[in-house]
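I opened this entry to keep a record of what I looked up, and in what order. I wanted notes that someone new to the structure could follow.

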Amino acid sequence: MQQLNLRLKLNGDSSEDQSAKQRVKQASERRVAAVETVEEAWQRILSMKNSDADQAKLLEVKQAMASGKVGRNPADVKKRFSKAEALRLYKDLAESQREEKLAELVQKTPSNYRLINTEDSFAELLADLANEEIIAVDTETTGLDVYVDVIVGISLTLPKADYHVYIPIRHKEGEQLNPDYVLAKLKPFMEDEGLGKVLHNAIFDIAMFRRHGVGFGGLAWDSQTAMHLLNENEAEKVKGQTPGNYKLKYLAPKYLGVESDTFDELFGKNTRFDDVPLDIALVYAAKDTDLTWHLYKFQESHMRRMPEMFKYYTGVEVPLLYVISDLEANGYILDLDFAKEYGEKLNREAEELHDYLLTELSKYHDGDTPLNLNSPQQLKPALSKAIGKQLPNLDAKRTLKPLKSEFEIVAKLLKYKGITKLSGTYIDKLPTKQNSTTKRWHSRFNPMGTVTGRFSSGKDEADTSNQGFNVQNQPEDARKMFVAPPGKVIIGADFKAQEIRCVAHLSEEPALIEAFEQQRDPYATLAVKFTGKPYEEVNKNPDGSDTKERKMMKVAWLAALYGTSKYTMAEQLNTTPDEAEAFMKDLFDSLPVLRDWIKGNEEFASKYGFVWMDKNQRKRRLPNATLKAKWGDRDTWREKNRAMRQATNARVQGSSSIQTKVTMIEAAKMCAEKGNGWCLWGSVHDELLFEAPEDFTREDIEDVKRVMTESYKFGKVANGTDIEVMKRWGEGVTVDAWFENKKGETK
DNA sequence: ATTCTGAGCCAC
DNA sequence: AAACGTGGCTCAGAAT
């Protein structure tokens, strides 16, 4: 009861109460300090509301204090032992542990780790390298920007000679060989196709060697991409679990049972590797190739048990890394004048809309700060009041668009959102990402960025330069910033209806097979089968637009592929869920082979917990597919059904991505044969883009067509491609139009 | 001051 | 028995 009274007083806010509050607090602190033992303080601190991370740190400090590893700072002893002090002690503890750890590592340096920093030891290494068939390679660098940073040392593992080396070349302290000399001597080995090489994240090191004028050959294995193929779920986010990753330092303990500290753990976040003393650098860096080598042996033995996957990995994914390396290094050119002018136009429009919206909506906004239109949290209640309708969210497509014609303000908001997205993410942003060294724009193409095998594109995971960007989601309007280099064109070639052809092949549905045999539009063909109307009538309207039958088939098609629910389908077809369901049932009844194929995918996944991509080259593991959905267990039900949808989708997406990757390799070969400035410019899932001299010929186009349609066949289903030519991305013309235009110019 | 998460939206 | 598969980026706002 006394406590309650005290609290009531403390909560008062008159100045008298304030000073009373302070006096009471000070008195109580004096009392606690006088009587509280450190043990009691611990009880108090540990029972506070601490984050999990803090609690763990606190417990560690408590233990360290008990064993005498850390003690209180004499200056603090008079004060009450606080949580803040305990956390300060944690820092001291971590620092001393780090030093201890480093000393221990150096002391326990394996006898077959060699620091190469003399003429003699380097000569011996070169002689031994000549006897190796396959080695492991890694570089240590000043940072992660492969166009700006430099190599500070090189690690090699020589399996036959049975030792691991670190060759420091640019550390700030310690005896080292001349960097140019070392690189010149290593160059023939690095470029030797006959000397196999194993790396972890090879794209990075290949780019680093390239930067120093050293080519790369003989790539045999990349333990990072191989791991993705062996377990694409390693980094999956599961509730209540910390997700894994594909870093060597994570994989080695997990799969090799070897203890391994990360760079940050050992050296802290802001240490550059050229600051690391050589004895420590040796044990850290040589361990990298040591671990990479062992991870390779482990992975190889596993993958060999899946021969088709092994063949695919070594035959496609590994050589693809060279292709990506060239593609990324080539980079892009942006038309900065265009971007500036366009950006200014967008910003003017946005400003006008912003003024209007703020004027109209501010009166419905409560709060001390002005309404922020970019904050859904603030905008939702304000807009709801303005239009007199409670909005569930501000989803442009679902929520706002239907209200667009009824409310002027919603229409303006949609326009505003569209413009600010375009300028904020693309038109104004991309120009700031020019690389200082190459003066070009470089993106990343991660061949294992997705669980199905598609590429992802963007910035490097650990890259802090903020210069990365996603090439694969550039909207139509932003693509216009990308231009061909002077004297060149961009040639775009897509896989016509890639995923549908893929399904035709995998399912062997006769209606689809037949459509492609007759070179007919697949959606129209489905519409014929379903409606009984003639092809011409359902394919295109007289004005060239889509017929409603064809549109419906397209929606239904995607629904089958993606597992759309009847509710979403109803929205898309503008009908009721029941009708949508009935329509899908009728449709699938008319395509029984396709229906059974989808069912088969689901049954396979339910039984085995994974599905195969085309020709068993790759797996998509879906452990949740084996769940038994129980009544009332919503989470299980949701996960199970998600896995069922993924089963079919992954097979289609993954098999299609195999086609794209195989074709990229053949396309790169074609470019190399042609020379004369031909190279790959990009890839966006179902299309490849080339850079070519603007005096390319019709024969060149025939070669592109051949590469696109013949590099990877979906069984007996023919491939198709549409090719266009452009000086500016997205402003393409047909090949015929290009040559017609040229004829006109020369006349 | 830095890092994380969710909403939202771009691509195929 | 409600929400379409694969990604990445930006911004706001919260957590640390």
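Before sorting residues by class, I fixed the classes: Ala, Val, Leu, Ile, Met, Phe, Trp, Tyr, Cys and Pro count as nonpolar, Asp, Glu, Lys and Arg as charged, and the others, Gly among them, as polar. I also noted that this is a predicted model, in which local features need pLDDT of at least 70 and side-chain atom pairs count only at pLDDT 80 or more, while totals for chains, interfaces and linings use all residues. Residues are numbered from 1 along each chain as its sequence is written, chains are lettered from A and ligands numbered from 1 in the order in which they are written, and side-chain values use heavy atoms, with hydrogens and water left out.

Entry 1, DNA strand B.
I took a residue to be near a strand if one of its heavy atoms lies within 4 Å of it. By that rule 19 residues surround DNA strand B, and the closest are A396, K417, R454, N473 and D686. Of the atoms of DNA strand B that come within 4 Å of the protein, 82% belong to sugar and phosphate. By class, I found six nonpolar, five polar and eight charged residues on the surface near DNA strand B.

For polar contacts I used pairs of N or O atoms within 3.5 Å (within protein, one must be able to donate a hydrogen and the other to accept it, and residues adjacent in sequence count only if both atoms are side-chain atoms). The side chain of N473 has an N or O atom 2.8 Å from a base oxygen of DNA strand B. K417 places a polar side-chain atom 3.4 Å from a phosphate oxygen of that strand, and R479 has one 3.3 Å from a sugar or linking oxygen. The elements giving two or more residues to this surface are α17 (408-427) and α18 (476-479), and the largest share, three residues, comes from α17. Helices (H or I, at least four residues) and strands (E, at least two) are DSSP runs, numbered from the N terminus.

Entry 2, DNA strand C.
Which residues come nearest to DNA strand C? Of the 33 residues around the strand, I found that Y562, S565, T568, Q572 and W637 do. Sugar and phosphate make up 79% of the atoms of DNA strand C that come within 4 Å of the protein. I then looked up single contacts: a polar side-chain atom of Q646 lies 2.7 Å from a phosphate oxygen of DNA strand C, and an N or O atom in the side chain of S456 is 3.3 Å from a phosphate oxygen of this strand. Q653 has a side-chain N or O atom 3.0 Å from a sugar or linking oxygen of DNA strand C.

Two or more residues of the surface near DNA strand C come from each of α15 (376-387), β9 (456-458), α24 (566-573) and α27 (634-674), and α27 gives the most, with seven residues. This surface divides into five nonpolar, 22 polar and six charged residues.

Entry 3, packed helices.
Axes here are lines fitted to C-alpha atoms, for helices over the stretch in contact, and angles run from 0 to 180 degrees between N-to-C directions. Helix α21 (residues 522-531) and helix α23 (residues 548-562) have axes that come within 8 Å and cross at roughly 105 degrees. That makes the two helices, α21 and α23, roughly perpendicular, a word for angles of 65 to 115 degrees, where under 35 counts as roughly parallel, over 145 as roughly antiparallel and the rest as oblique. By class, their contact has seven nonpolar, one polar and three charged residues.

I last looked at helix α19 (residues 498-507) and helix α20 (residues 510-517), which pack at about 125 degrees with their axes 8 Å apart, and are therefore oblique to each other. Taking contact as heavy atoms within 4.5 Å, I500, R501, V503 and A504 in α19 meet L512, I513 and F516 in α20.
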